[in-house]
Amino acid sequence: MSGPRYQRTKRQDQRLVGFECQDCGWVSFPEEKRTCKRCGSAPADFEEVGLAERGEIKTFVVQQYLPDDIETPQPVAIVDLPQVDGNGEAARAYGLLTETHLAEIDVGTEVEARFRELFADGSRPINSFKFGVPRATKGDSDRTDDNSGDGTGDSGTGDGERAGADPGGRDGGDGR
Amino acid sequence: MTRDAYVVGSGIIEFGELYEKSFDDMLEEAYLNLLDGVDGGVAPSDIDAAWYGTIDIAGEGSSGSALAHATGLFETPITRVENACATGSDAFRNASLAVQSGAADVALVIGAEKMLDDTAGLIGSAALERLWRGRGVTMPAYFGMRATRHMDQYGTTREQIAEVSVKNHANGVKYPYAHQQFECSVEDVRESPTVSYPLNLYDCCPVTDGACAVLLASEDRAREFTDDPIRHAGWGLSADSFQRGDDLALSNFPATRQASSQAYERAGIGPDDVDVAEVHDCFSITELITYEDLGLCADGEGGRFVEEGHPHLDGDTPVNPSGGLLSKGHPIGATGVAQIAEIFEQLRGEAGDVQVDAPEVGLQHNIGIGRNATGAVSCVNVLARD
Ligand SMILES: [Zn+2]
């Protein structure tokens with residue numbers, strides 16, 4: 001159950017649904033509106049498209065100073081999510097990163113969408129997607145242990161959603 | 001447009017932590033400094049209309065009546081302008097358009113902001129609830145994302161980004177109205193605390209209170225106020241968003257390219273003609289990217305441009321002789337107006353210790369963020385000696 005503000009885009013927030021302009025191919029996400037922000041078509045003809053759960057980091061930062069109720073360091077990226085059918089343009093969105101070592105984030109890094117509780121509105125959880133570097137699954141020969149101590153695991157809508165603070169990562173003041 | 005508009009005077013107050021001064025005090029002081037600073041004198045009764053730039057963070061100046069109270073300019077049309085960080089430059093643009101159109105002969109522009117009254121500041125206003133517009137994304141993050149991408153795409157180094165801050169702080173110690181007057185080295189910048197990787201504290205402008213006023217007059221009236229008026233030669237205003245999918249918007253600001261192209265065309269000049277510029281350096285990376293967006297250097301060359309000294313006070317294209325937002329501070333409504341005032345002084349040869357060598361054409365630029373950084377507004381004004 002969500003409040004009215006979140007209700008407006010609840011379907012997109014929870015299902016990775018975008019809207020493709022039939023004139024120019026731009027993908028609107030998460031909002032579906034009646035004008036195209038690229039070609040200016042008005043009214044635009046938008047068609048619903050499914051977005052893939054794996055995308056690519058186009059750029060990112062790691063935030064250190066934030067309001068008290070947001071944990072730091074908080075990595076945030078611009079992520080391109082391709083369409084599920086492999087055709088057409090990707091949707092471009094902000095992505096909050098979770099369960100990820102800061103040192104493994106870079107421009108071009110592949111990330112996967114994970115459904116999580118983003119925050120609570122009063123006692124109600126507000127759920128949507130965060131992004132993380134895909135983990136090797138059990139049985140893979142190259143499985144590494146680098147996701148230990150990251151807060152939550154891969155499954156469930158955990159409450160410890162912060163990204164792992166890697167002491168050797170990007171949280172130093174040396175500007176790497 | 002039927003006629004040209006000229007800047008004929010300016011009045012600035014010292015930027016800084018002005019806790020002792022009210023919003024009205026700041027507006028009043030800038031106004032009085034302007035009246036005092038016009039060469040041939042100006043009476044309040046000369047002023048046909050006023051434009052007032054503020055985003056009103058302090059909650060004290062929400063309409064034109066705030067400026068009327070501070071100045072006594074009642075019974076005068078006063079318009080408040082708010083356009084993100086381009087608020088001051090857009091207020092100037094609007095006043096100039098009124099003079100150019102004949103709607104006013106003499107127009108006042110005042111920009112003011114008390115940034116420090118709201119302790120939560122801009123970080124506190126970071127949207128907490130917008131799920132897909134970056135929950136908690138702050139100003140340093142908006143601009144830091146461009147830094148990350150610029151380094152990846154063009155090989156721009158962290159040291160080159162820091163060079164912008166080093167240059168502007170070196171200028172700022174020579175500029176009497178700057179908020180933070182200290183010099184720093186590349187190492188100092190890199191060793192200052194991380195704010196939002198890859199930006200550190202000295203890559204960020206301080207939180208500053210301030211106000212500034214300029215006076216515009218029509219070509220028929222300008223010489224009543226000064227023998228040395230400076231023409232508003234061109235302007236551009238545009239908005240863009242990285243969410244439109246243009247990859248250039250990840251590393252640069254297309255809005256600045258659009259606004260500067262408009263301004264160059266209106267002024268009948270190109271980037272090579274710019275002799276001095278006051279540009280938006282809310283963060284060091286912003287200025288580095290802006291060199292490219294304004295066409296002062298080629299794409300991807302911003303880092304080398306500053307490293308080689310071109311935008312330094314004694315370089316071939318001095319940028320931010322006043323110390324920029326990085327040392328002067330960034331009281332949003334006042335920022336653009338103060339940049340106009342600095343270009344006005346530069347073109348008149350009155351810029352004191354930061355005067356550059358005999359400039360004929362000056363450029364002023366702001367870029368502002370809206371819609372949680374998915375949108376960027378850019379305003380560019382060109383001033384010229386006739
Ligand atoms: Zn379109």
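Two strands pair if DSSP finds at least two bridges between them. With that in hand, here's a quick tour of this predicted model. In chain A, the bridge partner of F19(A) in β3(A) is E48(A), and β1 and β3 of that chain pair antiparallel over five bridges. Chain A also supplies four cysteine sulfurs to a zinc ion, and one of its strands, β4, pairs with strand β5 of chain B.

**Chain A at a glance**

- Chain A has two helices and eight strands.
- Reading from the N terminus, you get the helices up front and then the strands: α-α-β-β-β-β-β-β-β-β.
- The chain has 176 residues, and 51% of them count as buried.
- Take the contacts in chain A between residues at least 6 apart in sequence: 53% of these join residues at least 24 apart.

**The small sheet in chain A**

- Three strands of chain A make an open sheet, ordered β2-β1-β3, with antiparallel pairing.
- At the edges sit β2 (27–28) and β3 (46–50) of chain A, each pairing on one side only.
- β1 of chain A covers residues 17–21, and its antiparallel pairing with β3(A) runs over five bridges.
- As a reminder of what holds such pairs together, strands of a sheet pair through backbone hydrogen bonds, either parallel or antiparallel.

**The zinc site**

- Which protein atoms bind the zinc ion as donors? They're the SG atoms of C21(A), C24(A), C36(A) and C39(A), lying 2.3 Å from the zinc ion.
- The donor angles at the zinc ion run from 104 to 114°, so the arrangement is tetrahedral.
- For reference, the ideal angle for four tetrahedral donors is 109.5 degrees.
- Along the sequence, the donor residues follow the spacing C-x2-C-x11-C-x2-C.
- C24(A) belongs to the loop between β1 and β2 of chain A, and C39(A) to the loop between β2 and β3, so this pair ties together parts 15 residues apart in sequence.
- Buried or partly exposed: where does C24(A) fall? C24(A) is partly exposed, at 24% relative accessible area.
- C39(A) also has a relative accessibility on record here, 37%, and counts as partly exposed.

**Where the chains pair up**

- Strand β4 (residues 54–63) of chain A pairs with strand β5 (residues 194–197) of chain B, antiparallel, over two bridges.
- One bridge partnership across the chains puts Q63(A) with S196(B) in β5(B).
- β5(B) also pairs with β6 of chain B (residues 199–200), again in the antiparallel sense and over two bridges.
- In that pairing, T194(B) has N200(B) in β6(B) as its bridge partner.
- The hairpin from β5(B) to β6(B) goes through one residue.

**Helix α2 of chain B**

- Six of the eight residues of α2 of chain B (residues 64–71) are buried, so this helix is largely enclosed by the rest of the structure.
- The buried residues are G64(B), A66(B), L67(B), A68(B), A70(B) and T71(B).
- Their cover includes α1 (23–37), β2 (49–53), β3 (78–81) and β4 (106–113) of chain B.
- Just after α2(B) comes G72(B), with a positive phi near 80°.

**Around V189 and C184 in chain B**

- V189(B) is part of helix α7 (residues 186–191) of chain B.
- With 0% relative accessibility, V189(B) counts as buried.
- Setting aside residues up to four places away in sequence, V189(B) touches several residues, among them R158(B), A162(B), C184(B) and Y202(B).
- V189(B) and V276(B) are 87 residues apart along the chain, and their C-alpha atoms are separated by 25 Å.
- There are zero disulfides over all chains.
- C184(B) is in no disulfide, and the nearest cysteine sulfur, belonging to C204(B), is 12 Å away.
- C184(B) counts as buried, with 9% relative accessibility.

**Around H330 in chain B**

- H330(B) sits in the loop between α13 (324–328) and α14 (332–348) of chain B.
- At 7% relative accessibility, H330(B) is buried.
- The side chains of H330(B) and T335(B) are joined by a polar contact of 2.6 Å.
- Leaving out neighbours within four places in sequence, the contacts of H330(B) include C85(B), M115(B), C205(B), H280(B) and C282(B).

Key:
Residues numbered from 1 in each chain as written. Chains lettered and ligands numbered in written order. Predicted model: local features only at pLDDT ≥ 70, side-chain atom pairs only at ≥ 80, totals over all residues. Heavy atoms only, no water. Helix = DSSP H or I, 4+ residues; strand = E, 2+ residues; numbered from the N terminus. Donors = N, O, S within 2.8 Å, 3.2 Å for Na, K, Ca; no water. Tetrahedral: all angles 85-135°; square planar, octahedral: opposite > 155°, others 65-115°. Buried < 20%, exposed > 50% of the residue type's maximum accessible area, 1.4 Å probe, protein only. Disulfide = S-S within 2.5 Å. Polar contact = N/O pair within 3.5 Å; in protein donor to acceptor, adjacent residues only side chain to side chain. Contact = heavy atoms within 4.5 Å.
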